[in-house]
Amino acid sequence: MSTPTLNDVASCLSGYDPDALPVRDAQRIINDFVTPLAGIELVPLLAALDRVLAEDIISPISVPAHDNSAMDGYALRGADLNDAAPTTLAVIGTVYAGRPSDVIAASGQCVRIMTGGVMPAGCDSVIPQENVASIADDAITIAPGVVQSGDNRRFAGEDLMAGSPALRQGKLIRPADLGLLASLGIASVPVRPRLRVAFFSTGDELRSIGQPLDAGCVYDSNRYTLFGMLTRLGCEIVDMGIVRDEPQALETALREACRQADAIVTSGGVSVGAADHTRQIMAKLGDVAFWKLGMRPGRPLAFGRIASDGASAYLFGLPGNPVAVMVSFYFFARTALLRMMGAQAPQLLLKARSGAAIRKKPGRTEYQRAILALDASGQQEVRITGSQGSGILRSMTEANCMVVLHDEQGSVGAGDMVDVILFEGLI
Ligand code: AMP
Ligand code: MG
């Protein structure tokens with residue numbers, strides 16, 4: 001079966017117009033067009049952090065392996081408890097964590113037990129030490145009603161049952177997953193290969209740090225934001241520097257990127273009226289669409305697959321403006337790259353109350369940089385950061401989230417609920 005062309009994929013949408021493409025249509029085409037990378041690597045447990053799990057992990061053991069105590073206290077038989085009068089039980093031994101004992105409690109007896117200690121035969125409940133009414137050398141007395149049958153007993157397999165799925169393939173491995181894998185005694189983990197992503201900036205006006213800033217020039221900042229975004233996503237990066245707006249230089253760079261990477265991210269040169277060599281060379285090397293998206297910031301976007309000498313790579317030609325690069329990366333490239341990595345992209349939208357009115361025209365998606373904070377009465381509210389120009393990178397550094405105003409939405413009133421995407425999560 002031959003792989004579908006971009007046109008095949010786009011033709012599934014009604015009214016496909018590359019010059020006025022809604023954000024959700026572009027996202028759909030991109031996600032339908034990219035395919036997960038093949039292959040599995042087996043890596044040591046600690047190296048699996050932030051990688052994508054390649055296979056389901058089935059629990060080889062039950063965790064915990066035995067019924068055990070959740071508290072330091074006394075293991076007892078629930079049936080012995082008297083709920084109308086104090087209960088006195090004889091203490092017949094002690095159980096420590098990691099040292100199972102063969103003591104068996106008969107009716108009227110109990111066993112001193114430490115947290116994690118295996119429940120002695122006959123016992124089904126634990127009273128925490130601090131809840132015992134009186135403790136003598138060889139007996140305890142329990143007031144009525146302070147403990148119920150079954151309290152503070154952890155069941156074998158209540159965390160994980162042997163033979164059941166512990167983690168599903170496609171999961172991005174987080175600290176808790178490392179711990180869970182360790183709790184199963186798993187030393188090496190099957191993960192997806194790391195995605196190799198090459199990136200470069202285009203533009204004759206760009207200068208690198210350390211070079212003099214000639215008249216009319218700007219320092220190349222996009223390569224640094226892209227470095228950060230790609231690294232955070234767990235990609236292996238190939239930084240190809242700044243490429244001049246010249247057909248030969250662009251062709252050489254794109255061909256080299258094809259050889260070295262699974263995906264290529266460029267910035268600049270895809271807008272109408274730019275020194276158009278970038279578009280022309282991209283089109284020459286493969287199946288690439290040039291879109292004008294109904295969004296702000298970041299209207300132009302090139303997407304497709306290019307090939308050179310038998311090697312091929314997905315291409316994301318992002319716009320040049322520094323905020324547009326970030327927004328296009330997060331809302332188009334990110335999900336596609338995660339899909340190539342075989343990862344499930346988590347849904348990130350939350351709802352928050354807008355602290356002020358926001359002007360917005362229906363018919364395009366807007367990504368407004370904003371700060372989510374507590375207002376004077378302790379309620380959460382979101383407020384957009386000052387100027388929202390697509391070249392004003394400060395709007396991103398000052399913000400802690402973005403307000404997403406969807407295509408069909410119009411202006412927002414103060415107090416209205418809006419969709420928000422936070423920049424940082426706990427994990
Ligand atoms: P372009 O899409 O190439 O027309 O670029 C749009 C705007 O973004 C221009 O003002 C460029 O100078 C600016 N720009 C393009 N690439 C970069 C970059 N790598 N770093 C900073 N600004 C850039
Ligand atoms: Mg340019």
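Start by selecting Ala-373 and Glu-381. In this predicted model, Glu-381 of β24 is the bridge partner of Ala-373.

**The β23–β24 hairpin**

Extend the selection to residues 365-374, strand β23, and residues 380-384, strand β24. The two strands pair in the antiparallel sense, over five bridges. Now look at the turn. Five residues lie between the strands of this hairpin. Click on Gly-378: its phi is positive, near 85 degrees.

**The other partner of β24**

Keep β24 on screen and add residues 349-354, strand β22. Here the strands run parallel, joined by two bridges. Which residue stands opposite Val-382 of β24? Select Ser-354 and find Val-382 across from Ser-354. So far, then, β24 has shown a parallel pairing with β22 and an antiparallel pairing with β23.

**Domains**

Zoom out and colour by domain. The assignment gives domain 1 as 41-63 + 159-191 and domain 2 as 68-154. Domain 3 covers 194-340, and domain 4 covers 350-422. Place a centre on the C-alpha atoms of domain 1 and another on those of domain 4: 38 Å separate them.

**Helices α4 and α7**

Next, select residues 222-232 for α4 and 322-340 for α7. Their axes come within 11 Å and cross at roughly 30 degrees. An angle under 35 degrees counts as roughly parallel, so α4 is roughly parallel to α7. The crossing is right-handed.

Show side chains at the contact. From α4, pick Asn-222, Thr-225, Leu-226, Met-229 and Leu-230. They meet Pro-322, Val-325, Met-326, Phe-329, Tyr-330 and Leu-337 of α7. Colour this contact by class: nine residues are nonpolar, two are polar and none is charged.

**Helices α5 and α6**

Move to residues 247-260, helix α5, and residues 277-285, helix α6. These axes come within 9 Å and cross at roughly 45 degrees. How does α5 lie relative to α6? That angle makes α5 oblique to α6. The crossing of α5 and α6 is right-handed.

Now bring up the residues in contact. On the α5 side, select Pro-247, Leu-250, Glu-251, Leu-254 and Arg-255. On the α6 side, select His-277, Thr-278, Ile-281, Met-282, Lys-284 and Leu-285. By class, the α5 and α6 contact has six nonpolar, two polar and three charged residues.

How values were computed: Residues numbered from 1 in each chain as written. Chains lettered and ligands numbered in written order. Predicted model: local features only at pLDDT ≥ 70, side-chain atom pairs only at ≥ 80, totals over all residues. Heavy atoms only, no water. Axes fitted to C-alpha atoms, helices over the stretch in contact; angles between N-to-C directions. Helix = DSSP H or I, 4+ residues; strand = E, 2+ residues; numbered from the N terminus. Parallel < 35°, antiparallel > 145°, perpendicular 65-115°, else oblique. Left-handed = near helix turned anticlockwise from the far one by under 90°. Contact = heavy atoms within 4.5 Å. Nonpolar A, V, L, I, M, F, W, Y, C, P; charged D, E, K, R; others polar. Domains from an automatic or database assignment. Pairing = 2+ DSSP bridges.
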